[in-house]
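Here is a friendly tour of one protein, from its overall build down to single residues. Keep the 3D view open as you read.

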Amino acid sequence: MSFPATLNDPAHIVEMDRAHVWHHLTQHKAFETAEPPVFVEGRGLRLWDIHGRELLDATSGGVWTVNVGYGRRSIADAVHAQLLALNYYAGSAGSVPGSVFATRLLEKMPGMSRVYYGNSGSEANEKVFKMVRQIAAQHHGGRKWKILYRERDYHGTSLGALSACGQPQRCADYGPFVPGFVEIPHCLEYRAQFHDAADYGQACADAIEAIILREGPDTIGALCLEPITAGGGVITPPPGYWERIQDLCRRYEILLHIDEVVCGLGRTGTWFGYQNYGIRPDFVTMAKGVASGYAAIACTVTTEAIFDQFKRAAPDDMDYFRDISTFGGCLAGPAAALENMRIIEDEGLLNNTLLMGARLHANLLGLMGRHASIGEVRGKGLFWGIELVADRTTRAPLDETIVQRVVAECRKAGVLIGMTNRSLPSFNNTLCLSPALVATAEDIDRIGESIDRALTACLG
Ligand code: PLP
């Protein structure tokens with residue numbers, strides 16, 4: 001691929017960036033010595049930086065977003081056509097792409113029946129928190145207003161979503177938080193908190209039940225969980241976990257909110273992560289992969305039973321959902337999302353995710369045989385975490401700076417991989433892989449090789 005001719009002064013662009021842009025989730029001190037990365041083009045899994053260097057992106061845009069890969073002309077064309085026809089009208093009105101996308105999306109989500117549009121994962125989750133509170137206010141006499149969230153999960157950056165944040169690094173210093181959010185323990189058996197449990201799924205459920213009883217079941221409106229915890233360590237649930245969660249929700253009349261912002265739209269080889277576990281949610285939120293980053297769109301999806309509670313038309317008419325998202329009415333979002341979904345279907349990307357996911361998993365297990373620093377490999381589909389340890393027997397976590405060096409070594413070799421957030425106070429030691437769902441066997445093998453070499457370079 002030719003490098004864009006328009007970019008004839010890369011150094012100037014980098015200088016402007018360094019001088020004026022505040023990067024997300026970045027310690028800028030690093031840019032006093034190193035150059036900030038600036039990417040200019042992408043095709044499939046390949047990215048080109050401003051100096052024309054090619055990289056294989058095993059992160060789908062850094063944060064599990066570009067599910068169908070870079071450079072999709074058909075999505076750009078769909079957005080272009082929609083913007084020329086009509087770019088925007090507030091979401092109080094209907095739209096052609098909004099109604100078609102909602103219909104297609106719900107076909108993939110049996111039991112769900114309404115889509116509320118917004119434009120970020122945080123916002124989609126905030127909508128649920130508000131809906132739960134409004135249901136509590138209007139149907140439970142103000143009770144059932146609390147929301148349970150899980151240690152190591154993340155639901156977004158706004159203060160409401162940060163109140164439901166199980167990752168200390170993300171929320172420290174930003175309090176005081178919104179009241180009514182209650183933490184439950186994470187379910188990572190490798191970092192077990194319930195030591196002698198013969199059935200870890202049951203032990204987790206027992207701990208959650210104890211919290212429900214402590215708080216009072218009539219105070220708890222919803223339980224908000226990632227189907228597989230992403231940034232908090234790529235945590236897959238222990239066997240039986242979800243059945244028991246579902247059972248607790250039924251028993252104590254707690255609404256189940258599944259945050260599919262990362263897993264949604266194919267990442268785990270099913271349309272949604274929850275569909276791997278037979279979960280029947282009351283709310284599902286999604287954002288990143290919905291339009292693969294070609295437009296900003298998020299959806300809060302719920303059932304008709306929930307929706308019905310917002311249209312009683314009481315005399316004071318306060319029971320409709322009094323919420324708006326200005327850019328939830330931008331029609332680039334559903335236009336891009338429709339084409340994104342068509343691509344996943346027509347190119348068989350769910351199946352490719354399963355096939356390539358199995359190859360990646362086998363690859364990583366092979367690496368585990370060669371590198372004692374790999375403590376555990378976890379994941380599903382094209383969504384994997386590699387937990388690195390200093391000692392396999394004690395499971396002492398590998399020092400974060402060494403994990404960062406492993407990521408840097410991969411990058412030097414032309415492969416972008418990620419690492420999770422500091423999800424426990426003391427350590428951050430999990431490499432994160434989430435290539436686009438179009439990954440080929442060659443891509444997968446190259447990702448594995450680069451990690452192999454990087455581990456050897458950093459740890460021998
Ligand atoms: N939920 C999960 C599971 C996420 O990983 C994220 C972001 O990484 C969010 C919500 C927040 O999404 P956004 O950054 O679009 O607000």
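## The whole protein

Let's begin with the inside and the outside: buried residues make up 48% of the 460 residues in this protein. Keep in mind that what you are looking at is a predicted model. Its secondary structure amounts to 14 helices and 16 strands. The radius of gyration is 22 Å, close to the 23 Å that the globule rule gives for 460 residues, so the protein is as compact as a globular protein of that length.

If you drew a box around the C-alpha atoms along the principal axes, the box would be roughly 65 × 60 × 40 Å. How much of the contact network links residues 24 or more positions apart? Among the contacts with a separation of 6 or more, such pairs account for 73%.

## Two domains

The protein is divided into two domains. Domain 1 is built from two pieces of the chain, 37–68 and 348–459, while domain 2 covers 74–346. Their C-alpha centres lie 26 Å apart.

Where the domains meet, 32 residues of domain 1 are in contact with 30 residues of domain 2. On the domain 1 side, the elements that give two or more residues are helix H2 (60–64), helix H12 (349–370), strand S11 (374–380), strand S12 (383–391) and strand S16 (430–433). That side of domain 1 divides into 13 nonpolar, 14 polar and 5 charged residues.

## Around the ligand

Which residues come nearest to the ligand? Of the 16 residues around it, they are Ser120, Gly121, Ser122, Gly156 and Val261. Helix H5 (residues 121–139) provides the largest share of this shell, with 3 residues. By chemical character, the shell divides into 6 nonpolar, 8 polar and 2 charged residues.

## A sheet of four strands

Now look for an open sheet of 4 strands, with the order S1-S2-S3-S14 and mixed pairing. Strands S1 and S14 (415–416) stand at the edges with a single partner strand each, so one side of each is left without a neighbour in the sheet. In a regular strand, side chains alternate between the two faces of the sheet.

Strand S1 (residues 39–43) runs antiparallel to strand S2 (residues 46–49), and 4 bridges join them. One of the paired positions is arginine 43, whose bridge partner in S2 is arginine 46. The hairpin of S1 and S2 has 2 residues between the strands, and glycine 44 takes a positive phi near 60° there. Strand S2 also pairs with strand S3 (residues 54–57), again in the antiparallel sense, over 3 bridges. In that pairing, leucine 47 has leucine 55 of S3 as its bridge partner.

## Unusual spots in the loops

Two backbone details sit in the loop between helix H7 (168–171) and strand S6 (181–184), where you will find proline 176 and aspartate 173. The peptide bond from glycine 175 to proline 176 is cis, with omega near 0°. Aspartate 173 has a positive phi near 80°, although this residue is not a glycine. Is aspartate 173 buried or exposed? It counts as exposed, because it has 4 C-beta neighbours inside 10 Å, and a residue with 12 or fewer falls in that class.

Arginine 395 is another residue other than glycine with a positive phi, here about 65°. Look for arginine 395 in the loop between S12 and strand S13 (396–397). With 14 C-beta neighbours inside 10 Å, arginine 395 counts as partly exposed.

## A buried isoleucine

Our last stop is isoleucine 344, which lies in helix H11 (residues 332–346). This isoleucine counts as buried because it has 23 C-beta neighbours inside 10 Å, and the cut-off for being buried is 20 or more.

Which residues does isoleucine 344 contact, leaving aside its neighbours within four places in sequence? They are Val68, Leu265, Gly266, Leu349, Leu350 and Leu437. Take leucine 265: it is 79 residues away from isoleucine 344 in sequence, while the C-alpha atoms of the two are 8.2 Å apart in space.

Definitions and conventions. Residues numbered from 1 in each chain as written. Predicted model: local features only at pLDDT ≥ 70, side-chain atom pairs only at ≥ 80, totals over all residues. Domains from an automatic or database assignment. Contact = placed C-beta atoms within 7 Å. Nonpolar A, V, L, I, M, F, W, Y, C, P; charged D, E, K, R; others polar. Near = placed C-beta within 6 Å. Pairing = 2+ DSSP bridges. Rg over C-alpha atoms; globule rule 2.2 N^0.38 Å.
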